[in-house]
Amino acid sequence: MSVAWDTTNLPLNKLYGAQLGYEDNAIKTQFDSGRVIAMQKNSKNKRKYAVSYAATKAQKSIFFNWYENTLGGNAGTFTAPSLRGDGSTQEYMLVGTPTAPEHGGAIVEINMQWVEV
């Protein structure tokens, strides 16, 4: 079951640097002759985004609490306004573990990868 992004404590206007890519959507078979054929894996080609979040230290704590306890790590999905910029809501899954290296300042950068579900 999908949960909503915590917009109260983690406002989405602090998301930045969303870079677009696509998940591999092909099942490939290579024959001994070297010929390769491919079939579509899913009916929809899914987009992936590398996003960063500018958070305060308190928001970093709230984010990782939400990630670990509400989302269940990478097992859960969440809904958020679409990163496509079309005004719709999209369901996402986090891929990999979010990182938040400390630079000694008041703002911490949380880096993560989102994939459309």
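The legends below accompany several close-up views of a predicted model.

**View 1. The whole chain, with one helix and eight strands.** Read along the sequence, the elements of this predicted model follow the pattern β-β-β-β-β-α-β-β-β. The radius of gyration is 17 Å, well over the 13 Å that the globule rule gives for 117 residues, so the chain is more spread out than a compact globule. Along its principal axes the C-alpha trace spans about 60 × 30 × 25 Å, and 32% of the 117 residues count as buried. Among the contacts with a separation of 6 or more, 63% are accounted for by residues 24 or more positions apart.

**View 2. The open sheet of six strands.** The strands stand in the order β1-β6-β7-β8-β5-β2, and their pairing is mixed. At the edges are β1 (3-4) and β2 (15-22), each of which pairs on one side only.

**View 3. Strand β5 and its two pairings, with β8 and with β2.** Strand β5, residues 47-56, pairs with strand β8, residues 107-116, in the antiparallel sense over nine bridges. Within this pairing, Tyr53 has Ile110 of β8 as its bridge partner, while Ala54 stands opposite Glu109, also in β8. The pairing of β5 with β2 is likewise antiparallel and runs over six bridges, and here Gln19 stands opposite Ala50 of β5.

**View 4. Helix α1 across the sheet strands β1, β5, β6, β7 and β8.** The helix covers residues 57-70 and runs at about 135° to β5. Among the strands that it lies across are β6 (77-81) and β7 (89-99).

**View 5. The largest nonpolar core, a set of 22 residues.** Within this core, the residues that touch the most other members are Trp5, Tyr53, Phe63, Phe78, Met112 and Trp114. Two or more residues are given to the core by each of the elements β5, α1, β6, β7 and β8. Tyr53, one of those listed, is also the residue whose bridge partner in β8 is Ile110.

**View 6. The surroundings of Val115 in strand β8.** Val115 counts as buried because its relative accessibility is 8%, and buried means under 20%. Leaving aside neighbours within four places in sequence, Val115 is in contact with Glu23, Arg47, Lys48, Glu91, Tyr92, Met93 and Val95. One of these contacts, Glu91, lies 24 residues from Val115 along the chain, and the C-alpha atoms of the two are separated by 8.5 Å.

Note on methods:
Residues numbered from 1 in each chain as written. Predicted model: local features only at pLDDT ≥ 70, side-chain atom pairs only at ≥ 80, totals over all residues. Heavy atoms only, no water. Pairing = 2+ DSSP bridges. Helix = DSSP H or I, 4+ residues; strand = E, 2+ residues; numbered from the N terminus. Contact = heavy atoms within 4.5 Å. Axes fitted to C-alpha atoms, helices over the stretch in contact; angles between N-to-C directions. Core = buried A, V, L, I, M, F, W, Y, C linked by side-chain atoms within 4.5 Å. Buried < 20%, exposed > 50% of the residue type's maximum accessible area, 1.4 Å probe, protein only. Rg over C-alpha atoms; globule rule 2.2 N^0.38 Å.
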